[in-house]
Amino acid sequence: MISLTQNEIIKILLKKKMLLIVMLLLIFVSLLSYGQKYSYDNNIKKFEAESGGVAYDWKALTTQRLDDFEERSNNEFIPKEVRASIDREIQQLNYFIENDINPITPTASKFNVQFVEQGITLFIPLLIVILAADLVSNEFSKKTIKILLTRAVPRWKILLSKYIALIIMTTILVFIIAFLATLVSYLFFQQWGFSEPIVTGFSLVEGELNSNSTILISRFQYTLLIYSLLWFVSIVIASITLMISVLVDSSSSAIGILMAALIGGQFLQFFLSEWKLVKYFFVTNLDLTRYLTGSYQPIEGMSLNFSILTLSAWAVLSLVISFTVFNRKDVLV
């Protein structure tokens with residue numbers, strides 16, 4: 001089993017897909033870091049211009065941001081759901097100001113978390129799809145699967161070795177994301193920020209933000225928590241990708257199906273949020289990190305525990321289907 005797994009890891013590395021993924025990550029992380037730095041500097045200039053040259057202070061800038069949110073909340077043309085989200089943002093900002101917690105100044109640790117929050121539903125899953133979509137389908141399309149099956153090794157061991165290799169490479173990918181997001185953003189912001197305090201544990205009670213169960217932890221601890229959730233989501237996506245790769249014989253078809261599912265799931269969540277079955281679709285449950293802010297409830301009845309259980313069920317079902325189909329699939333000579 002060890003030799004089989006090593007062989008699969010080598011096959012993934014020889015395809016140089018990890019190099020492509022690292023390049024994509026470097027491009028996106030650099031662009032987003034630059035954009036955030038540019039936006040932050042512009043906000044400071046705007047604040048100083050409007051305040052008559054008063055020196056920048058994060059509380060004053062947070063207050064200005066709070067005023068902008070309140071102005072948007074008072075706009076009668078904003079949908080009810082959007083206004084509710086803005087109101088929760090207002091409650092959080094008030095909490096930060098009252099408890100002397102800086103939510104404004106960009107640091108490497110803040111960018112790290114924000115990058116995961118923005119990428120966990122589409123960008124990062126797409127990277128995993130690039131990594132894993134041809135894991136099995138490519139073997140069938142190129143007929144190399146016949147060489148594997150001629151060995152005196154049960155089929156389930158062959159697929160298991162591929163899955164273990166995929167888990168290992170997915171875990172490495174998560175570490176690469178953390179490393180690049182931290183290092184590149186630090187080059188722009190010149191601040192690590194991992195020792196700064198952050199509040200988590202907000203919850204929604206009848207649509208209102210409840211801060212009674214909040215706890216104060218360091219940015220480093222919060223980053224570990226965020227990346228733990230990202231790792232879990234990544235393993236789920238990898239499991240689903242393995243299933244699609246087993247079911248189809250073409251790598252391009254596997255990538256197309258998974259991209260359609262990821263993008264289409266976003267539309268389902270937006271346009272059919274009142275349809276009860278939508279909350280059981282795996283794409284709807286990917287955004288686990290947002291639950292930690294207490295301002296996220298895409299569909300009524302969803303929670304962090306619900307999403308984790310739903311994603312776990314998808315992963316297990318995907319593996320069952322993968323091994324069942326792979327063991328019975330005909331190999332044409």
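**Entry 1. Buried charges**

I count a residue as buried when its relative accessible area is under 20%. The model I am reading is predicted, and I began with its charged pairs. By that cut-off D134 is buried, and K17 is buried as well. I looked up how these two residues meet, and found that D134 and K17 form a salt bridge whose closest N and O atoms are 2.5 Å apart. The pair links distant parts of the chain, since D134 sits in the loop between α6 (123–132) and α7 (137–141) while K17 is in helix α2, 117 residues apart.

How many salt bridges does the structure hold in total? The count comes to 2. The other entry I noted joins K37 to D41, with the closest N and O atoms 3.7 Å apart. K37 and D41 are 4 residues apart in helix α2, so about one helical turn separates them. I then checked how covered they are: K37 is partly exposed at a relative accessible area of 26%, and D41 is also partly exposed, at 29%.

**Entry 2. Elsewhere on helix α2**

I stayed with helix α2, which spans residues 17–50, to look at its nonpolar side chains. I27, F28, L31 and L32 make a nonpolar surface patch of about 380 Å². L32 belongs to helix α2, and its 44% relative accessibility makes it partly exposed.

Y38 lies in helix α2 too, and I read it as partly exposed, with a relative accessible area of 48%. Which residue did I compare with Y38 across a long stretch of sequence? I took F188, which is 150 residues from Y38 in sequence but 9.8 Å from it in space, C-alpha to C-alpha.

**Entry 3. Aromatic rings**

I listed the ring pairs next and found 11 aromatic pairs in the structure. F194 and F220 have ring centres 6.3 Å apart and planes at 80°, so I recorded the pair as edge-to-face. This pair links parts of the chain 26 residues apart, with F194 in the loop between α9 (155–189) and β1 (197–200) and F220 in helix α10 (residues 219–247). F220 is partly exposed, its relative accessible area being 46%.

F281 and W314 form another edge-to-face pair, at 5.9 Å centre to centre and with 70° between the planes. Because F281 lies in the loop between α11 (251–271) and α12 (304–328) and W314 lies in helix α12, the pair ties together parts that are 33 residues apart in sequence. I noted W314 as partly exposed, at 25% relative accessibility.

Beyond these two pairs, I saw that F28, F111, F115, F123 and F189 are linked by ring pairs into a cluster. F28 is thus listed in this cluster and also among the residues of the surface patch in Entry 2. I also looked for a charge over a ring, and found K279 over the face of F306, at 5.5 Å from the ring centre.

**Entry 4. The nonpolar core**

Which residues touch the most other members of the largest nonpolar core? Of its 68 residues, these are L25, F115, Y227 and F282. I went through the helices that contribute, and each of α1 (2–14), α2, α5 (108–119), α6, α9, α10, α11 and α12 supplies at least two residues. The helix that gives the most is α10, with 15 residues. I set beside this the general tendency of nonpolar side chains to be buried together in soluble globular proteins.

I then took α6 by itself, and found it mostly covered, with 8 of its 10 residues buried. The buried residues are F123, I124, P125, L127, I128, V129, L131 and A132; F123 is also one of the rings in the cluster of Entry 3.

**Entry 5. Two loop residues**

Is L286 buried or exposed? I found it buried, at 0% relative accessibility, although its place is in the loop between α11 and α12. From L286 to I237 I noted 49 residues in sequence and 9.1 Å in space, C-alpha to C-alpha.

Last, I checked the backbone at Q190, which lies in the loop between α9 and β1. Q190 is not a glycine, yet it has a positive phi of about 60°.

Conventions:
Residues numbered from 1 in each chain as written. Heavy atoms only, no water. Phe/Tyr/Trp six-rings, centres within 6.5 Å; stacked < 30°, edge-to-face > 60°. Buried < 20%, exposed > 50% of the residue type's maximum accessible area, 1.4 Å probe, protein only. Lys NZ or Arg CZ within 6 Å of the ring centre and 35° of its normal. Patch = residues over 30% accessible without salt bridge, like charges linked within 9 Å, V, L, I, M, F, W, Y side chains within 5 Å. Areas by Shrake-Rupley, 256 points an atom, 1.4 Å probe, with all protein chains shown as cover. Salt bridge = Lys/Arg side-chain N within 4 Å of Asp/Glu carboxyl O. Core = buried A, V, L, I, M, F, W, Y, C linked by side-chain atoms within 4.5 Å.
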